[in-house]
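Open the model in your viewer and keep the selection tool handy. We will go from one stop to the next, with a word on what to look for at each.

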Amino acid sequence: KKTIINLYSVNITKAGVLPAILLQQIIIKSPPKASKRVRKSKLLSSTILLLSLSFVAFLYLDSRTQTMDIPPPEFTTNAEDKAEAAKLVSQLKESGHSEIEFKRVPQVKIAEGANKYVLISAQEPGAPVSQYFVTSKKGASYHRNAAEPFVKKLQKHGYQDIQITGGGRILLDTEAKKISVFGFSYSFGQGNHELSKQVIERDERYSDFTITTSNEGY
């Protein structure tokens, strides 16, 4: 004699992803002469086991998406900020190659805590391809405030074809050796967080840090 339990899939929504834990049909075989109480006891035990496994799976999936506490969104932009950001982008497009003596600039400059960041591309004179720079600025109200000082530094050191490719926020926790790259920029669009992660990983100061990325937040 067989007792069949049909359990529905449990959907867990997290970070815009819909993983599903599908619990298949469980067939509990009971001896022909087993009492009704024994069969019910086995049925209850199996059900509790399945629910426990489902809860453990949920905790595992949840822990993978919460490696760091992402600060709540701060929607800080306005028409003036967008106009100034567009002006900066336009100026970079119109700027030509300068004859300034070239000096190499470190590719990563990020501030402690959660701050707005931008991903910038630029070329060394005569180089066939661009390289990328990641910079965040403590207390920057807008992403252009994080971009402008670094752009000026690149220009001063002779870099060419400078472009602000996007932005977001970076949470740097030096004590915990963790970095989280997430969010987006209203003015420059969302940065390529995976690329930003790769740039940071190549910096020996952060070689032993745990670095995560997410498109959530602002």
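## First stop: helix H4

Select H4 and look at what its buried residues face: they pack against E5, E6, E7, E8, E9 and E10. Keep in mind along the way that this is a predicted model. To pick out the residues involved, show side chains for His 193, Leu 195, Ser 196, Lys 197, Val 199 and Ile 200, the buried residues of H4. The helix spans residues 193-201 and packs on the sheet, with its direction at about 165° to that of E10.

## Zoom out to the whole chain

Now colour by secondary structure. You should find 4 helices and 10 strands, running from the N terminus as β-β-β-β-α-α-β-β-β-α-β-β-α-β. Of the 218 residues in the chain, 36% are buried. If you draw a contact map, look far from the diagonal: among contacts with a separation of 6 or more, 69% join residues 24 or more positions apart. Switch on a surface, and the accessible area is about 13,400 Å², with 53% of that belonging to carbon and sulfur atoms.

## The six-stranded sheet

Which strands should you select to see the open sheet in order? Take E5-E7-E6-E8-E9-E10, a set of 6 strands with mixed pairing. At the edges stand E5 (108-109) and E10 (210-214); each has a single partner strand, so one side of each has no neighbour in the sheet.

Stay with the sheet and select E8 together with E9, residues 178-182. These two strands pair in the antiparallel sense over 5 bridges. For a landmark, label Arg 169, which stands opposite Phe 182 in E9.

Next, add H3 to the view. This helix also packs on the sheet, where H3 touches E5, E6, E7 (131-136) and E8. Its direction makes about 40° with that of E6.

## Into the nonpolar core

Hide the cartoon and select Ile 120, Phe 133, Leu 154, Tyr 159, Ile 162, Ile 164 and Phe 188. Within the largest nonpolar core, which has 16 residues, these touch the most other members. Helix H2 (79-94), strand E6 (113-123), helix H3 (143-156) and strand E8 (160-173) each supply at least two of the core residues. The largest share, 4 residues, comes from H3. In soluble globular proteins, nonpolar side chains tend to be buried together.

Centre on Ile 120 and ask: which residues is Ile 120 in contact with, beyond its neighbours within four places in sequence? The list includes Phe 133, Ala 147, Phe 150, Val 151, Leu 154, Ile 162 and Ile 164, along with polar residues such as Gln 131, Thr 135, Gln 163 and Thr 165.

Apart from this core lies another, of 15 residues; to find it, select Ile 170, Leu 172, Leu 195 and Ile 211, which are among its members. You have met Leu 195 already, as one of the buried residues of H4.

## Two backbone angles to check

Most residues other than glycine have a negative phi. Finish with two that do not follow this pattern. Select Asp 161, whose phi is near 50°; Asp 161 is found in strand E8. With a relative accessibility of 36%, Asp 161 counts as partly exposed. Then move to Lys 177, in the loop between E8 and E9, where phi is near 55°. Lys 177 is also partly exposed, at 38% relative accessible area.

Notes. Residues numbered from 1 in each chain as written. Predicted model: local features only at pLDDT ≥ 70, side-chain atom pairs only at ≥ 80, totals over all residues. Heavy atoms only, no water. Core = buried A, V, L, I, M, F, W, Y, C linked by side-chain atoms within 4.5 Å. Buried < 20%, exposed > 50% of the residue type's maximum accessible area, 1.4 Å probe, protein only. Contact = heavy atoms within 4.5 Å. Areas by Shrake-Rupley, 256 points an atom, 1.4 Å probe, with all protein chains shown as cover. Pairing = 2+ DSSP bridges. Axes fitted to C-alpha atoms, helices over the stretch in contact; angles between N-to-C directions.
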